[in-house]
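Please look through the structure shown here, and then follow the explanation step by step.

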Amino acid sequence: MAFAVAKNAVAARARASAPRASRAAPCMAAPAPKLSAAAAGLALVLSAAPAHAERILPAINTGTLDKGEMDRMLTIYEARDLELDQNDRKSFGDIKNVDQAKERLGKTVGVLDTVVGTPLGKGAFLDARSGLRRAVGTIRYDINAVAATKANKNELKQEAQALYAKIEALDLELVSVPPAKVPNKEKASAAYDTVVADLDAIVAKLG
């Protein structure tokens, strides 16, 4: 009997010393976020659309467009037409030949008067600088295209480089950093007149 009591005591101590398994908290799934009606509708549309859905261009009544709007619309369509070469899609091919470049170059002084000279006369220096920067790319392209066909193309190239330097000087005269720097209208106008005179001379030689 004494042996049975001792055995029971040993078993009780063993149970008391054994580590107790921790009681884990029940695992509950996080509730799904609620979507608004608009978000739910958008998710439904996106899930239903194919991965590479073709972009469909809207129908346009071209009879209501003027020439400028028509040209811009065609440029947009050509940019998406993969059957055309890159020059046409990126509008690099707007000028198709030297004669067209020469014709556009002949109108450049008039364009500069509109986009640079007029705002400069009003003291709108930022508009004048923006107009100059828009025009200079066309000026460079047309001068280079026409000069490449001339026998004295090296001489014309040097004169063109001098013109570009004066255009850059005009651009700097139009820089405004208030209050430290405000363009001087007289200096900017003098720089503009120099650019126009040099451009006229080059156009005459390229004509």
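In this predicted model, a good place to begin is Asp-171, which counts as buried because its relative accessible area is 9%, under the 20% cut-off for that class. The side chain of Asp-171 meets that of Arg-129 in a salt bridge, with N and O 3.1 Å apart. This pair links distant parts of the chain, since Arg-129 belongs to helix H7 and Asp-171 to helix H8, 42 residues apart.

A second link of this kind joins Lys-166 and Asp-198, whose side chains form a salt bridge at 2.5 Å from N to O; Lys-166 lies in helix H8 and Asp-198 in helix H9, so parts that are 32 residues apart in sequence are tied together. Lys-166 is partly exposed, with a relative accessible area of 33%. Salt bridges with shared partners also join Arg-129, Arg-133 and Asp-171 into one network.

From charged pairs we can turn to the nonpolar interior. The largest nonpolar core has 29 residues, and Leu-112 and Leu-174 are among those with the most contacts inside it. Helices H5, H6, H7, H8 and H9 each supply at least two residues of this core, and the largest share, nine residues, comes from H9.

Helix H6, which covers residues 108-121, has a kink of about 35 degrees centred on Thr-114. Its buried residues, including Leu-112 and Leu-120, pack against helices H5, H7 and H9. After H6 comes Gly-123, whose phi is positive, near 80 degrees.

Definitions and conventions: Residues numbered from 1 in each chain as written. Predicted model: local features only at pLDDT ≥ 70, side-chain atom pairs only at ≥ 80, totals over all residues. Heavy atoms only, no water. Helix = DSSP H or I, 4+ residues; strand = E, 2+ residues; numbered from the N terminus. Expected span 1.5 Å × (residues − 1). Bend = angle between axes of the 7 residues up to and from the residue. Buried < 20%, exposed > 50% of the residue type's maximum accessible area, 1.4 Å probe, protein only. Contact = heavy atoms within 4.5 Å. Core = buried A, V, L, I, M, F, W, Y, C linked by side-chain atoms within 4.5 Å. Salt bridge = Lys/Arg side-chain N within 4 Å of Asp/Glu carboxyl O.
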